[in-house]
Amino acid sequence: LYNAATDGWKDVLSVQYTDVLVRPGGKAIATAMNFGICNFRTDFIGMRRLGGNSGYFSQNPNALAIDSKGHVYCTANDKDRLTSFQDTAILQWVSEQGYAYFGSVDLDIDGKDRIWVASRHQGIAMFDHTQWIYYSTNEGLVNNNMIDVYVDNQDRVWFSMEGGGLQFIQDGKITTVELDGIPNNAEIRSIIQDPMGGYWFG
């Protein structure tokens with residue numbers, strides 16, 4: 001892990017980190033393969049592990065997002081549930097609550113605190129804290145094998161797919177985007193928008 005505000009790299013644990021975000025107040029949270037979720041603080045090198053007997057369900061979390069209230073949400077590539085860490089409570093949505101995804105690869109949260117989850121084989125799901133809405137090839141996706149999902153500053157939900165394909169959802173409508181100079185079969189692994197409104201695709 002790297003923190004430029006302190007003294008650089010910290011080899012806290014010899015594990016493979018898959019995602020990291022920083023919460024208000026300078027606390028970082030990271031997902032680690034075969035380990036769980038780790039909380040870090042900037043004023044000391046300490047770690048609180050969420051995994052195993054902590055109440056968290058998976059040793060293989062792979063994506064994190066934070067809502068406007070500071071609640072952290074997490075998916076895992078080996079379990080069919082969405083988890084939220086809200087103050088001292090751990091909330092989980094499973095198939096009985098309408099969550100029907102296995103093999104999630106990424107998630108993001110829009111300006112209305114709706115949660116968007118990308119699945120390796122089942123397309124995109126949106127949770128508005130009341131119901132789940134699913135998008136697949138039946139609704140117009142190029143394919144159902146997602147790689148990345150990203151919400152921009154206009155609440156457009158961008159996503160890329162295995163085998164190529166770039167689309168976004170806005171107000172329930174799916175739009176396909178072609179990038180000049182990039183083959184349609186190029187797999188986009190990362191999407192981000194800069195402060196000037198430009199988009200970067202990796």
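Is W158 buried or exposed? Let's start there, because W158 comes out as buried, with a relative accessible area of 5%. One caveat before I go on: what we have here is a predicted model.

Okay, so who does this tryptophan talk to? Across the structure there are seven aromatic pairs. One of them is W158 with Y199, a tilted pair, with the ring centres 4.9 Å apart and 45 degrees between the planes. What I like about that one is where the two partners come from. W158 sits in strand β16, residues 157–161, while Y199 belongs to strand β20, residues 199–201, and that puts the two 41 residues apart, so we are looking at a link between distant parts of the chain. Y199 is partly exposed, at a relative accessible area of 25%.

W158 has another partner on that strand. With F201 it makes a tilted pair as well, at 5.9 Å centre to centre and 55 degrees between the planes. Since W158 is in β16 and F201 is in β20, this contact ties together parts 43 residues apart in sequence. F201 is partly exposed, with a relative accessible area of 26%.

Now put those together and bring in one more ring. W158, F168, Y199 and F201 make up one aromatic cluster. And F168 has something on top: the charged end of R156 sits over its ring, 5.4 Å from the centre.

Right, next topic, the sheet. This is an open sheet of four strands, in the order β11-β12-β13-β14, and the pairing is antiparallel. Which strands stand at the edges? Those are β11, residues 104–109, and β14, residues 132–135; each has a single partner strand, so one side of each goes without a neighbour in the sheet. On average, neighbouring strands here are turned by 20 degrees against each other, if you ignore direction.

Let me walk through the middle of it. Strand β12, residues 115–119, pairs with β13 in the antiparallel sense, and there are five bridges between them. A hairpin of three residues takes you from β12 to β13. On the other side, β13, residues 123–127, is joined to β14 by four bridges, again antiparallel. That hairpin, β13 to β14, has four residues between the strands, and in it H129 takes a positive phi near 75 degrees.

If you want one residue to keep your eye on, pick F127. In one direction F127 stands opposite W132 in β14, and in the other I115 stands opposite F127 in β13. As for how covered β13 is, five of its five residues are buried.

Last topic, charges. How many salt bridges does a search of the whole structure find? Four, and I'll go through some of them.

Take K69 and D113, whose side chains meet at 3.5 Å, N to O. K69 is in the loop between β7 (61–66) and β8 (72–76), and D113 is in the loop between β11 and β12, so this salt bridge ties together parts that are 44 residues apart in sequence. The two ends sit in rather contrasting surroundings: K69 is exposed, at 60% relative accessible area, whereas D113 counts as buried, at 9%.

Then there is D110 with R114, where the closest N and O atoms are 2.6 Å apart. D110 counts as buried at 5% relative accessibility, and R114 as partly exposed at 23%.

And one more, E187 with R189, at 2.5 Å from N to O. Here E187 is partly exposed, with 34% relative accessibility, and R189 is exposed, with a relative accessible area of 51%. Why does R189 get the label exposed? Because exposed means over 50%, and R189 is at 51%.

So, to wrap up, three things to look at on the screen. There's the aromatic cluster of W158, F168, Y199 and F201. There's the open antiparallel sheet, β11-β12-β13-β14. And there's the K69 to D113 salt bridge. Happy to turn the model around if anyone wants a look.

Note on methods: Residues numbered from 1 in each chain as written. Predicted model: local features only at pLDDT ≥ 70, side-chain atom pairs only at ≥ 80, totals over all residues. Heavy atoms only, no water. Phe/Tyr/Trp six-rings, centres within 6.5 Å; stacked < 30°, edge-to-face > 60°. Buried < 20%, exposed > 50% of the residue type's maximum accessible area, 1.4 Å probe, protein only. Lys NZ or Arg CZ within 6 Å of the ring centre and 35° of its normal. Pairing = 2+ DSSP bridges. Axes fitted to C-alpha atoms, helices over the stretch in contact; angles between N-to-C directions.
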